[in-house]
Every structure is written in C-alpha cells, then in structure tokens.
Amino acid sequence: MVKFSPLLQLLPFLLAPATLAADNVYTDGAGHPVASPYDYQRAGTRGPLLLQDFHLIDLLSHFDRERIPERVVHAKGSGAHGYFEVTRDITNITMAAPFSEGVGTQVPLSMRFSTVAGESGSPDTNRDPRGFAIKLRTSQGIWDWVFNNTPVFFLRDPTKFPLFIHSQKRDPQTNLRNPTIQWDYWSQNQEAIYQIMILFSNRGTPKSWAQMHGWSGHTYKWVKADGTWHYVQVKLTSQEGIANFNATEAKATAAENPDHNTQDLRRAMDRIEAGNFPTWTVSIQTMTPEQGQKFKYDVNDLTKVWPEDEYPLLEIGKIVLNKNPENWFAEIEQLAFSPSNMVPGAEPSNDPVLQARLFSYPDTARHRLGPNHLEIPINCPVAVHNFQRAGWMRIDGGAGTLPANAANYPSSFSAPVSFVKRPYNLSAIADPVTPGPATTQGTYELSLLDFEQPNTLYNSEFTEEERQSLVSNIIGALNSVTIQDIKQRSLNMFACVDDKLGAAIGAGVGLTAKCTLKP
Ligand code: HEM
C-alpha cells in the first residue's frame, strides 16, 4: 500500500524559499564539495580536459537536459497560486467537494493562463484564444478546470483537433504561420464560426490575464449522492471586467514586450497592500436532463452557448490569486492539468470532445513529464494511496517498504486499507437522447442553425465599436490569404452569419459575399 504526502514537498515552494545544504557549501549534483562553480580539471595548466572531472561533466550534462518538451498547444503561459472559496450551498446540485463542505470552505489552487498556437517564447498578445486552467486541491483529490476565455470552441468532433491545430501552427514546409491554411481549415469547418467571431474581435487580444472571463465551454454532469444530476456549465467572471487591446496595440505590444501579460500578472499580484488581488466570481448554469432534451441545440455541442437569459448564472464561489510562483519551472511549467481530474459528484458529459480530452491530457503529461507526473509536487500535493510502483523518476522512495506498503492486494502484510464507493451508479446518470445536428460517420453536419448564435453575437451583443473592429480585423487577415477560392469561401461564411457583415468584409477584400447554405 503506497502512502505519501507530497504536500510536505510543496510547502517549500508555497511558504518559504527552498533551502540549500545547511551550511551553503557549494557542491556538485552528488553533494561533493567543489572549490568553485568555475572549477574544472585539465592536464597540466593549458592541456586538454580530464574525463574524471565529474564536476564539469555533471554541470554540462545537466544543463544539456534543462529543457523538457513544451506543451504541444498552449506552450506560452504564466500563472499564480491562490484559493477557491465556496459562497453558496449547492448540495441540491452536487455532492462534490468542496461544495459539500459548506459555505466558506476554501481550497488551495494554482492557475495557468496561456495562448494556444505560439511556442513558449511567442508574444502574449498574439491573436488567439486564451487558456484558463485551474487546479483545485480538494479533500477528494485534484479537480482540474481546464477552461478557455471563450464560451465556445472551434470544433465539436474530436478527430478534427490535431488537423485544426496543424492549420494554426507553422506550415511544415516553410516553418511560417500561414493564414491561407488557417482560413482553408476554417472555411471548410464552419462550425468554428462563433469562436472565429470572438477571435477576430478585440477579445482575441486580451490586455491582461486578470481581466478575462473564463468558461468551461463543455457541459459537465454534477451529481448528488442519490444519483440525480444536472447538466452544468461553469463561468468565471473577472471582478475587474475585461480589457482588450485593439489590433494595432496588440501588434505594437508584441514587438515591444512579448511577455506583456506575464509581466502584467506579476504586477497584478503585487497589489498586496491594497488587498486587491485578481479575483473572479464563479457561477454555473444548469439544466435538468429534461431541459437538456428540450434545448434547441445539442446540450453537448460545445460550439453553442447556453443563453444566460434562459439559463441564468448562479454564483457559487470565488477565486482569488494571491501568490506569485517562486520558481516558474517547478510551479508553472511542470503543472499538468487534465479534464479527467474530477472529484466524486462531478462527471464528464457525453460531449465527444470532452471525452477525447479525458484521454489526451494525461497522455501528453506522460510524454512531457513522465509516467510519475502526478508525483511532481505541484501536480498532486494531496494524500495518495495506491498500488502504483516504480517507473521513470519515481521520487517518493518507491512507495516505501514492506509490510506497511505492500504493492499487492489483498496482502497479508499491508496496513488496513479502506475503500469509499461512489454512492451513485454511472449507468444511472446516462444521458437521455438529446436532440442535435445530423451526423455522418460520427461527424456532426453543418446547418444554418450553427449561424444563429453568431448572428445574435454580432447584432445584439457586440457594440458598434466591436462590430467595426471585427470587420477590420477579418479584412486584415483575409487580405493575407493568397488563394482566391479560400478567400471567397471564408467571406461567404460571414454572409451566413449576417448579410451586412458579409457585405462589409466583402467591400474590404474586393469580393461579393454569398452564403451558399441559404437557398
Ligand atoms: C492544453 C489537447 C480542446 C483548453 C492542451 C494540451 C493538449 C490539449 C495535448 C497540452 C497539455 C500539456 O502539455 O500539459 C486538446 C484536445 C482537445 C482540446 C485533444 C480537443 C479534442 C480544448 C478545449 C479547451 C482546452 C475545448 C477549453 C475549453 C486547454 C488549456 C490548455 C490545454 C487551458 C493549457 C493547460 C495548461 O495551462 O497547462 N490541450 N485540447 N482544450 N487545453 Fe486543450
């Protein structure tokens, strides 16, 4: 039976600077005292180097391995630590901790904000959605909220994700970002339209990580002990409101200070005297299974929003960031979030994209950080008891000695093990059949229904200024597309949202817009 509490290992990060050897004597990696960091051995005074010089070899070989693979998406990011506090009793909706532990319960968390397509050194202000990932350390284990700063996503078929990302990342031939390929993808996968509209508004270039809202995007199921459940979407509302750059400001900032938002977050965190830390209110929207069946769209389609006037926001908590990382690599780069990290009382919906993400994140963490990534203190500083053994970079002492920590079960030698069962049965929370778009070989088909919410966004939610910046940002982007058919198809997509929008963009790119989905 494995028992360890990496919380103790995390404490130095969160509470105090890591202590070096007690007397601060400089050593090599194996603890041998060495006269100076610059020390190396030569044959004679000017001769070649010696193979026996462990200090130099240790220094260089460790340096050679300082980089780990960057995240395949969301590589550029920064973050901070803080807490989540329950502000409303929602035990009528879920048994999940921390909500089951009463109003006022606080759990520690770490949060990471990121851009999506750029590499780890790319500018913070590039046009892109922003990742909004939160690691809640609850009494029932880690609960990761791996959200974005947009309520919808580009796709609803998981198989499209790698292909879509290829279109946004660098062209394999030239190693340059390629707008023609980006629009080639979007114009042939037009369920992305809502997210494209947000992306090309000034919301695509946020000024500050602390001034963005966050959304789960996906539908989840939150369940009570008796097995009754609700569909749930989560929204985080920045208490400072949102702030965005326009395209000119975003480009200028990218040139002047590619780390603008990273720096801004650290500054935001420095407002300690004012007690004015970055804060979000956490709200949920809920639907009963019956409401889900009556919803106009598929309740599991993450290209759609749940209108807030029909499904009002219910405030349930707040998030406060109050501590900067002391070591960026240990506390931010080594963070590994996964939507599969859920606590009893929170379950995934049947959204196929969410289902695929449940696999993809732990899988990429195994690649990026290794099979024992959950032992890295920042990822799992809560008690873990299981029978996993060994593997690369096991750092808990291999889970201890027999008999207390037997690796088999049942064991005549292990300490008593107790088990907790989820009170509800997973089959009891199966979805009723929900309406939704037609599918071909599992892939959703596009229809005019997919353009209704973007139309509302354009006409009723965007201000006149936002409409104008949207049009000029799209014109700027489409004018870099080199193939006429792709430009025309992209333009036509906007005519399906709204004729006026199509006409305004058409005037800027010298083409006439026509929605080919309309009769
Ligand atoms: C990061 C896959 C959709 C939010 C990542 C990473 C992968 C990935 C492989 C890198 C993780 C790491 O290296 O630690 C996918 C796949 C998707 C998908 C396969 C769809 C099939 C989404 C959606 C959202 C989202 C819909 C938001 C609603 C994020 C965030 C991160 C991330 C916030 C950065 C996490 C961090 O800060 O470490 N995604 N993703 N992704 N993804 Fe997704």
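P98 lies in the loop between strand 1 (77-86) and strand 2. In this predicted model, a cis peptide bond joins A97 to P98, with omega at about 10°. Most peptide bonds are trans, and most residues other than glycine have a negative phi. Two residues with a positive phi are described next.

**Backbone features**

H74 is not a glycine, yet its phi is positive, at about 60°. This residue belongs to the loop between helix 2 (54-64) and strand 1. A390 likewise has a positive phi, near 55°, without being a glycine. The loop that holds A390 runs between helix 10 and strand 11 (439-440). H74 is buried because 23 other C-beta atoms lie within 10 Å, where 20 or more are required. A390 is exposed because it has 10 other C-beta atoms within 10 Å, and 12 or fewer place a residue in that class.

| Residue | Phi | Other C-beta atoms within 10 Å |
|---|---|---|
| H74 | about 60° | 23 |
| A390 | near 55° | 10 |

**The ligand shell**

The ligand is surrounded by 28 residues. R71, H74, G131, F161 and G217 are the closest of them. H74, already noted for its positive phi, is thus also among the residues closest to the ligand. By type, the shell divides into 16 nonpolar residues, eight polar residues and four charged ones. Several elements of the chain each supply at least two shell residues: strand 2 (106-115), strand 3 (130-138), strand 4 (141-148) and helix 10 (352-368). Helix 10 provides the largest share, with eight residues.

**Y361 in helix 10**

Helix 10 also contains Y361. An unreviewed UniProt entry lists Y361 under "binding site". Y361 counts as partly exposed because it has 19 C-beta neighbours inside 10 Å, whereas a buried residue needs 20 or more. Leaving aside neighbours within four places in sequence, Y361 is in contact with V146, F337, S338, P339 and S340.

**Nonpolar cores**

The largest nonpolar core has 58 residues. Within this core, A96, L109, A133, L136, W222 and A346 touch the most other members. For A133, the contacts beyond four places in sequence are M111, R112, D144, V146, F147 and F337. V146 and F337 therefore appear among the contacts of both A133 and Y361. Apart from the largest core lies another, of 38 residues, which includes V152, W306, F451 and A477.

Terms used: Residues are numbered from 1 along each chain as its sequence is written. This is a predicted model: local features need pLDDT of at least 70, side-chain atom pairs count only at pLDDT 80 or more; totals for chains, interfaces and linings use all residues. A residue is near a molecule or strand if its C-beta atom, placed from the backbone, lies within 6 Å of it. Helices (H or I, at least four residues) and strands (E, at least two) are DSSP runs, numbered from the N terminus. Ala, Val, Leu, Ile, Met, Phe, Trp, Tyr, Cys and Pro count as nonpolar, Asp, Glu, Lys and Arg as charged, and the others, Gly among them, as polar. UniProt positions are given in the numbering used here, feature names are shortened, and annotations may be inferred rather than shown by experiment. Two residues are in contact if their C-beta atoms, placed from the backbone, lie within 7 Å. A nonpolar core is a set of buried Ala, Val, Leu, Ile, Met, Phe, Trp, Tyr and Cys residues joined through C-beta atoms within 7 Å.
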